[in-house]
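Work through the exercises below with the sequence and the coordinates open. Each task is followed by a solution in steps.

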Amino acid sequence: MFRIILSVAASAVMCVHASAADPSKADPPKAAGPAPAAPAPTKPGFQCHDKSLTGSGPGFKDSQEASEEAAKQDWLGKAKAVYSDADLIDAKDVSWECVKQGLYIKCFLSAVPCHPKPAEQGNASP
């Protein structure tokens, strides 16, 4: 039994040394973590702000729905300061995160505000 275990261990060591000597047989290096997600493309005919805005609303709420609504209203206030016609439907890279503390919850909404590009004066149709 001892000889079988010893021979298996020896062949395992031999395989490791062989793959280390021949880089084509070695496993490719693995990434440290998941690849970062590519930003969502801007909808045609829209222009977007250069950075994401985050809204959360004041304090913790007793329901997730109320906390999500507070975060949405806070985000809309910030987005409308950038583009007066900004809306969550037209935003890109929308991300929600909610944290719970006991019976209360607080949500955060992060998104890049976008709006329709203004019509150009030279391209107006008669």
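**Exercise 1. The helix and its packing**

Against which strands do the buried residues of H2 pack? Use the predicted model shown above.

Solution.

Step 1. Locate the helix. H2 covers residues 64-82. The helix has 19 residues and spans 27 Å from its first C-alpha to its last, close to the 27 Å expected at 1.5 Å a residue.

Step 2. Select its buried residues, with the cut-off at under 20% relative accessible area. For H2 these are Ser67, Ala70, Ala71, Trp75, Leu76 and Ala79.

Step 3. Find their partners. The buried residues of H2 pack against E2, E3 and E4.

**Exercise 2. The open sheet**

Determine the strand order of the open sheet and find the strands at its edges.

Solution.

Step 1. Write down the order. The open sheet consists of three strands arranged E2-E4-E3, with antiparallel pairing.

Step 2. Identify the edges. Strand E2 (53-55) and strand E3 (92-101) each have a single partner strand, so one side of each is left without a neighbour in the sheet.

Step 3. Take the angle between neighbours. On average, and with direction ignored, neighbouring strands of this sheet are turned by 15 degrees against each other.

Step 4. Add the helix. H2 packs on this sheet and touches E2, E3 and E4, and its direction makes about 30 degrees with that of E4.

**Exercise 3. Strand register**

Give the number of bridges for each pairing of E4, and name residues that stand opposite each other.

Solution.

Step 1. Take E2 with E4. Strand E4 comprises residues 104-112, and its antiparallel pairing with E2 runs over three bridges. In this pairing Thr54 stands opposite Ser110, and Gly55 stands opposite Leu109.

Step 2. Take E3 with E4. This antiparallel pairing has eight bridges. One of the facing pairs is Glu97 opposite Phe108 in E4.

Step 3. Inspect the connection. E3 and E4 form a hairpin with two residues between them. Gly102, in the turn, has a positive phi of about 65 degrees.

Step 4. Keep the general rule in mind when assigning sides. In a regular strand the side chains alternate between the two faces of the sheet.

**Exercise 4. The disulfides**

How many disulfides does the structure hold, and how are the bonded cysteines paired in sequence order?

Solution.

Step 1. Count them. There are two disulfides.

Step 2. Examine the link of Cys48 and Cys114. Their sulfur atoms are 1.9 Å apart. The torsion about this S-S bond is about 100 degrees, so the disulfide is right-handed. The pair links distant parts of the chain: Cys48 lies in strand E1 (residues 46-48) and Cys114 in strand E5 (residues 114-116), 66 residues apart.

Step 3. Classify these two cysteines. Cys48 is buried because its relative accessible area is 19%, under the 20% cut-off. Cys114 is buried as well, at 1%.

Step 4. Examine the link of Cys98 and Cys107. Here the sulfur atoms are 2.0 Å apart, and the 105 degrees about the S-S bond make the link right-handed.

Step 5. Classify the second pair. Cys98 counts as partly exposed at 30% relative accessibility, whereas Cys107 counts as buried at 0%.

Step 6. State the pattern. With the bonded cysteines numbered in sequence order, the pairing is 1-4, 2-3.

**Exercise 5. The salt bridge**

Which side chains meet in a salt bridge, and where do they lie?

Solution.

Step 1. Recall the principle. Side chains of opposite charge can pair when their charged atoms come close.

Step 2. Apply a cut-off of 4 Å from nitrogen to oxygen. The count comes to one salt bridge.

Step 3. Name the pair. Lys78 and Asp74 meet at 3.7 Å, N to O. Both residues lie in helix H2, four residues apart, which is about one turn of the helix.

Step 4. Check accessibility. Lys78 counts as partly exposed at 38%, and Asp74 is partly exposed at 25%.

**Exercise 6. The whole chain**

In what order do the elements run from the N terminus, and what percentage of the residues count as buried?

Solution.

Step 1. List the elements. The protein has two helices and five strands, in the order α-β-β-α-β-β-β from the N terminus.

Step 2. Take the burial. Of the 126 residues, 21% count as buried.

Step 3. Take the contacts. Among those between residues at least 6 apart in sequence, 63% join residues at least 24 apart.

Note on methods: Residues are numbered from 1 along each chain as its sequence is written. This is a predicted model: local features need pLDDT of at least 70, side-chain atom pairs count only at pLDDT 80 or more; totals for chains, interfaces and linings use all residues. Side-chain values use heavy atoms; hydrogens and water are left out. Two strands pair if DSSP finds at least two bridges between them. Axes are lines fitted to C-alpha atoms, for helices over the stretch in contact, and angles run from 0 to 180 degrees between N-to-C directions. Contact means heavy atoms within 4.5 Å. A disulfide is a pair of cysteine sulfur atoms within 2.5 Å. Buried means under 20% relative accessible area, exposed over 50%, partly exposed in between (1.4 Å probe, protein chains only). The expected span of a helix is 1.5 Å times one less than its number of residues.
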